[in-house]
Amino acid sequence: MAAAESDGDPPSASRSEFLNFSAKDTASRWLAAADLQQEVYRHLAVYVPRILCLGPSGGSGSREEQREEQREELACQLLLLAPMEWLLLGEEPAAGLAQLQENNQPSPLCGHVFKVGEPTYSCRECAADPTCVLCMQCFLGSVHKEHRYRMTTSGGGGFCDCGDAEAWKKGPYCQKHTPTDNSRDTEEDPVAQLPADMVARGYSIFSIVLKYAVDLLTWDQEEQLPAGLEPLERGDTYYCMLFNDEVHTYEQVIYTLQKAVNCSQKEAVSFATTVDRDGRKSVRYGDFQFCDQAKSVIVRNTSRQSKPLRVQVMHSSVVAHQCFALKALSWLGQIIQYSDGLRRILCQVGLQKGAEGENSSLVDRLMLNDSKMWKGARNIYHQLLMNSLLMDLKYKKIFAIQFAKNYRRLQTDFMEDDHERVVSVTSLSVQLFTVPTMARMLMVEENLMTTIIRTFVDHLRHRDLQGRFQFDRYTAQQAFKFGRVQSLIGDLKYVLISRPSEWSDQLRMKFLEGLDAFLELLKCMQGMDPVVRQVGQHIEMEPEWEAAFTLQMKLTHIISMIQEWCSADECVLIEAYRKCLGALSHCYSGLPDGEQPISLSLAGHSVETFRYQVSQDKVSIHLPVCRLLAGLHVLLSRTEVASRFPEQLPLGELSPPLLIELPLRCLVLCAQVHAGMWRRNGFSLINQIYYYHNVKCRVEMFDKDIIMLQAGASMMDPNHFLMIVLSRFELFHIFSSADVRKRYREANKDVVQQNNTLIEEMLHLIIMVVGERYVAGVGQVEPFDEVRREIIHQLSIRPMAHSELVKALPENGNKETGLERVIDTVASFKKPGVTGRGLYELRPEWNKYFNLYFHHYSRADQSKAEEAQRKLRRQNGEDTALPPPLLPPLCPLFASLVNLLQCDVLLAVEGAVLQWAVEPSGGGWTESMLQRVLHLVGMALLEEQQQLENSSGDDDVTFNYTCKITRPGEAPSTSGSVLALLESLQNAPHLEVHKDMITWILKMVTNIKTMRERTSSTSTITISPGQGPEETVRDKDKAERKRKAEMARLRREKIMAQMSEMQKHFINENKELFQQSLEELEASTSATAENRYTPVHTCAHWLTSAAADTQVAERRQLVTCILCQEEQEVRGHGRAMVLAAFVQRSTVLSKNRRRNLPDPERHDPLFMHPDLSLGIHTASCGHIMHATCWQRYFEAVQLKEQRRQQRLRGHTSYDVENGEFLCPLCECLSNTVIPLLPVNHSCLEEWLETTNQQIALLHSANKKQSDGQSPVNHLEGRVRPTGGAEPVVPEGFRVDFTPQNPFSSSISEMITTFSMSTYKVGLKVNPNEQDHRVPVLSWSTCAYTIQSIERFLMDEEKPLFGSLPCRQDDCLSSLTRFSSACWTAAPLKTVHTHFFRLFAALVPDSQVENTPCILDIDMFHLLHINVIKYLLCVCVSVLPEVSSGWQLWRCVKAGVLPFLRAATLFFHYLNSTAPPADLLVAGPGQWEALCSYLSLPSNLLQLHQSQHTQLEPWCRHPGVTQTLQGGGVIVRFPRESNRLIELPEDYSVLINQASSFTCPRSGGDKSRAPTLCLVCGSMLCSQSYCCQTEVDGEDVGACTAHTFTCGAGLGLFLRVRESQVLFVAGKTKGCFYPPPYLDDYGETDQGLKRGNPLHLCSERYRKIERLWRQHGIAEVIGHAQEANQTLVAIDWQHL
Ligand SMILES: [Zn+2]
Ligand SMILES: [Zn+2]
Ligand SMILES: [Zn+2]
Ligand SMILES: [Zn+2]
Ligand SMILES: [Zn+2]
Ligand SMILES: [Zn+2]
Ligand SMILES: [Zn+2]
């Protein structure tokens, strides 16, 4: 077919082509051609440039552009893809595809590719590793729904593993993907199912299309096209193409674009968004020069600080073909969904080797050019790989091999590239390596383990002279690279995550080869970042330490996994041990050289060692080779390989002193840091020590060092071991010197103190070396025991939440801690209340396992636990000794460790300390030191007791500590035996605290002696330590002892408080280490907030007389100013007293959120519409001040703020410029004050009488009006009424009457202040005292506040009176009195005008214009007058649904009730009349009580009749008729209270809902932070450029913008992906709040980090709702910001 001329308008050209084109004919022409590829290419060459990329395209999203896109899409399908489908299928595509689908054998895998933010589920019980996930559909149809599952949101990419038998230990198939019986054998070739000719055609068309796509996506020329695709004619049409990079920020790109292509800010934002999403975007279209110009501007503008943005000027035909290449790939992906046979064909085509041999298949070419492609292209071909190769089990393997072969190159490309890993082909590793059989196959065939490790090592090039890694002086650039390299560790983890159960020789060989490579890596780490103690000067620059620890942390799991692999095979274990030992010898070569040998002797023993001092020489915390060896050593013991094949083990190759040397140095370093000897080395070292012990690192650091010491000690003479320890701690001289007793006379106090700490640390270390037996292999325990012991010790500190326990336990590679298996055996669960979280509490029977010197306790933990345990014992009436617990027996390889407890050197040390303790401490010894010695003695005694119990006769008990301690001490210590010392210390007055422990020890000694005597005579009899001989202590002493113990306890508590203070300080310094969850914060602030409200003194000062007596004329009211503490009486002419108050706009009662906010200038607030769409709410904390005191306070706040503004602008939780301040007493957010006014003396009857007179007068005036006279004249003239008696005109009801202002000037001033605040806030205008609307708003806020309180009390089912907190009580009474007095501050004329208009509405009058229809007025806002018109409104609102009179009565009654209640509240607060008793309780009987209180007839009919005349004019108003005829919306009464939206019970429903939510502004893009408005249920696209809106000249995020339409500036949101509630108020304030969703452990999961299933806690949701309805949100925000200054720094307006 001839190509149409393309001169004309391009779209019309294609239209004519649509008509003439036949896909079928084209396909058959292609088939007939000799060279199919040539023919297809010719077709593409003609049509592609003509269909795609025809001219400029602005920012996406415009209507025009969308239409253009659709047109392109259609043309592509009809002109380009349809012929290919015809060719492939040989028939009408729709029919052909249906046919194919019928025979399709769907992949057993689900393969659903996750969108960003979509929920994914994993099963903690059944998943092979944490990367195995299910999509929501599969999950709901799987067995795991009932298991302990984990829920997370996907970061995009990756697919559902449903159907992969290797991914799941159990239940690999969901209901939908369970293989059916009639499914074909998976081994069968699916291609054989297809007709032979289709197979042939499939091969050829697939290879042509795929090759075309690959050629074009990897094409790097800007002008030319591949052979055969050159366009017929080349116009001078180019695109200026901008590419994405990770270097430049959004702002930079937007700014540059505005300059370079002269576009609007909005277009630039759109360009930038697309570049970020798709990886490239054409920003200009035109001739070459035009585009090139833009390019050079962009390059020039962005090249200043960094490398320039990538820009290319590309010919339009090249762009068009690249576009079509993407469409073609998507097409391939779709076609193969119809048939597994076609999918297999595509796999074969893709992986077929090309002409160039190795790495020349099309898939290889794509992979190897991955880093050169733009984001959009990568995403599309990755998706195709997932749909094809990864869905076909056979080809997945072949692809995996290719992937592994190219691994090093792909990774190197990735390092050079700057894109995120998600869009790199390397991220496919997770799909390949996590399949255990695949990983093992790749390890054996492609030596994958070695490859990964070597690649990793090669990319870390910074080494010191010894070849170790060197991270100090490392730049941001290197840090970035380092970050990327870490993904390799992730790959290694995938490969190792499942331990093989069967080993082939080849696997052994390859694993050991990998281990060699790994040891090379560890050797580079061994001894890195060494430190030297700084003396004199403080270090100048904190050395970099984080990189090394990051590496250690990342490798922790790998090291553990390697040990697991080793433990699975004896040969491997032996060989690995050998290799590791070899590596260690290599590290040690040269170590002892140059260090002088010395000889030490103590207590009759001597040992050779060399001189080395941690405090002077280099020392490093990084000893991974030693620690791996320690791990393997334990495995030798655990698997009993050591005892079965001792001849194969090179145990003698390294001497034990060398084995312990480096770990010992590291532990001594920690001790010295604690002793304060390394202060000048700065925080870097403190952080390192912290991480060394931290749960994330300790398993392969601290724990292994202890094990290494245990291993070494068990192979050495215990005396020698201890002497070396003493020497490394630099304490040897203290215990060996001739006169150990005199040491406290040493001159330098600092040195004494340092040494004291060191001695404590050393004793602690000995306790750990002997006592830490809960590692399987060291002691005879199971992993279960180890976890249980950790939990017991955590819970000994205090009851803890599940997440706290999880955090305290190390996770394994599968992110499991083993907590669940253990927790219920030792603890009981306590459910949470409305705040706080569920807690686990240790059951009392486990207390006896408590070990004060538990090795994972930090100092703070230890002191907290000690205190808690002692308290517990006191509560139980027990003594306060905390003896060591019974220990599990050691494994044979470690058995000799116990001898440490009874060796001579330790006895000497114990003797020395006890000797020092005879005299009160003068700094020469410490109580902790003594405590540790006593603990060691206790351990020894327990050991002896256990051996005695387990032995059959006396002979095999080798442990005879009791015997040894009765021996007198040897020279030089001339004192008595250890036992004698203990006995003498027992009653030493300065050792009261330790008395219980010493008593326990002495009892034990007696016990053991008895046992020994018995065993020597008869057989073993167990005697528990509790049943010793009678105590000798007399009761008289007991009381005294208790008193002293109490004092000692108090002293210690003080010390502990200090310590915990120091700990807190440390926490503050290291914030990121201790991410304090917001919830804890919230709990603490809410607790303090509650305390703040409790003071009732303000109430107490309301000196009203007996509440029941309303007739007492004189009532005095005395209040105290919180600022000056002076008492003051509230009087009309006294000094003004004010209440701190907060006025805010509110939509809480709104029945119409769509109503636009009023125009501040023109809005007339006199009549409130009954939908209450916008009210003004006033609240107060109830704290009273003198007006003058407050003014002074507020001026001081302003002044402080002005001074502060220079430094930290706006860093407060309140906005002084808007008049905000914090209540000086309770820090409650306030923005104005309400004046306190005296009680109005008139009683209700009086008032009603006056009102009735007024009404009567008006009636008459109304009638007169028909005579044409204005009502004003009427009143003025006091005309006689035409009928009936002339009404009495009450005083003041005359226009010429000028009332006396009853208030002093200071009170008047405050009245104005408050009126102005309500005016300013209510209308959002600047203060203007002249505005006639001022008094109206003052009244309005009173009405609205009363209504909202009435509604709240109603819904909470609380009585009308007596249930309000004092602060609300105070606030309401001030407010109502104020509202009755606010007229005094306004010009009289204004008041009159309002008055007339109000009356006009009540007494409709056709002559007064603009009278609103009665249905358009909220009656309570007009409370001044009467009830009946309200009745009418109610009648109208219920009429349509009422069928009987009785029902009418009920409906009317229900409708009127809220009005009466509010009115009652009003009168109560106005007059301080006592409420009837019926209203002090909730429940029935209210109606009568209300009516009688308000002096209304309780029979509505009566009321109706008596006021009949008044009703009629209202009904005649045209608006009423109109509304009744359906002309308007009727607000129903009673107005139903607003509630927050309903939330689903299961949180994942919300996540799912949010994951399909797309940004409303950027054409179908997923929103990154979908956020739900809890008030109206709208989903918003928060925290994103795309949805920013301008509000008052400032760009704000979607949430803030929404608050202005939905909540008058205040909003409550749920950030779905973070599981966090967000409160926003105004533009600058906000805070996060715990969400109402809890997991089964009663905890929230803010940030969705833990992934436990979350369920709605309706109590908590109700709490949030209550907060909202009580207008407490702004206050919560204020308190949160005050408590946490970092919250102030968040740009809330951008959310
Ligand atoms: Zn699925
Ligand atoms: Zn499934
Ligand atoms: Zn499961
Ligand atoms: Zn005062
Ligand atoms: Zn206060
Ligand atoms: Zn958006
Ligand atoms: Zn909303």
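Which protein donors hold the zinc ion (ligand 4), and how far from it do they lie? Here are some notes on this predicted model, starting with that site.

1. The zinc ion (ligand 4) has Cys1121 (SG), Cys1124 (SG), His1186 (ND1) and Cys1189 (SG) as its protein donors, at distances of 2.1 to 2.3 Å. The angles among these four donor atoms run from 94 to 119°, and the site is tetrahedral. For your own comparison, the ideal angle for four tetrahedral donors is 109.5 degrees.

2. Along the chain, the donor residues of the zinc ion (ligand 4) have the spacing C-x2-C-x61-H-x2-C. One pair links distant parts of the chain: Cys1124 sits in the loop between strand S10 (1118-1120) and strand S11 (1127-1129), while His1186 belongs to strand S13, 62 residues apart.

3. Strand S13 (residues 1175-1186) turns up again at the zinc ion (ligand 5), through Cys1181. Coordination of this ion comes from Cys1181 (SG), His1183 (ND1), Cys1223 (SG) and Cys1226 (SG), at 1.9 to 2.3 Å. Its site is tetrahedral too, with angles of 106 to 113° among the four donor atoms.

4. The spacing of donors for the zinc ion (ligand 5) reads C-x1-H-x39-C-x2-C. Here Cys1181 in S13 is paired with Cys1223, found in the loop between strand S14 (1221-1222) and strand S15 (1229-1230); the two are 42 residues apart, and the pair links distant parts of the chain.

5. The zinc ion (ligand 3) takes two cysteines and two histidines: Cys123 (SG), Cys126 (SG), His144 (ND1) and His147 (ND1) coordinate it at 2.0 to 2.2 Å. With 99 to 117° among the four donor atoms, this site is tetrahedral, and its donors are spaced C-x2-C-x17-H-x2-H. Cys126 lies in the loop between strand S1 (116-123) and helix H6 (136-140), and His144 in the loop between H6 and strand S2 (149-155), so this pair ties together parts that are 18 residues apart in sequence.

6. Now to the helix packing. Helix H8 (residues 250-260) and helix H9 (residues 265-278) have axes 9 Å apart and pack at an angle of about 130°, which makes H8 oblique to H9. Their crossing is right-handed. On the H8 side the contact uses Tyr250, Val253, Ile254, Leu257 and Gln258; on the H9 side it uses Gln265, Ala268, Val269, Phe271, Ala272, Thr273 and Asp276. By class, this contact of H8 with H9 has eight nonpolar, three polar and one charged residues.

7. Helix H15 (residues 393-405) and helix H18 (residues 436-446) have axes that come within 10 Å and cross at roughly 50°, which makes H15 oblique to H18. The crossing is right-handed. H15 brings Lys396, Lys397, Ala400, Ile401, Ala404 and Lys405, and H18 brings Met438, Met441, Leu442, Glu445 and Glu446. You may like the make-up of the contact of H15 with H18: six nonpolar, no polar and five charged residues.

8. Last, helix H29 (residues 718-728) and helix H36 (residues 904-917): their axes come within 7 Å and cross at roughly 50°, making H29 oblique to H36. Asn719, Leu722, Met723 and Leu726 of H29 meet Asp904, Val905, Leu906 and Val909 of H36. The contact of H29 with H36 divides into six nonpolar, one polar and one charged residues.

Definitions and conventions. Residues numbered from 1 in each chain as written. Chains lettered and ligands numbered in written order. Predicted model: local features only at pLDDT ≥ 70, side-chain atom pairs only at ≥ 80, totals over all residues. Heavy atoms only, no water. Axes fitted to C-alpha atoms, helices over the stretch in contact; angles between N-to-C directions. Helix = DSSP H or I, 4+ residues; strand = E, 2+ residues; numbered from the N terminus. Parallel < 35°, antiparallel > 145°, perpendicular 65-115°, else oblique. Left-handed = near helix turned anticlockwise from the far one by under 90°. Contact = heavy atoms within 4.5 Å. Nonpolar A, V, L, I, M, F, W, Y, C, P; charged D, E, K, R; others polar. Donors = N, O, S within 2.8 Å, 3.2 Å for Na, K, Ca; no water. Tetrahedral: all angles 85-135°; square planar, octahedral: opposite > 155°, others 65-115°.
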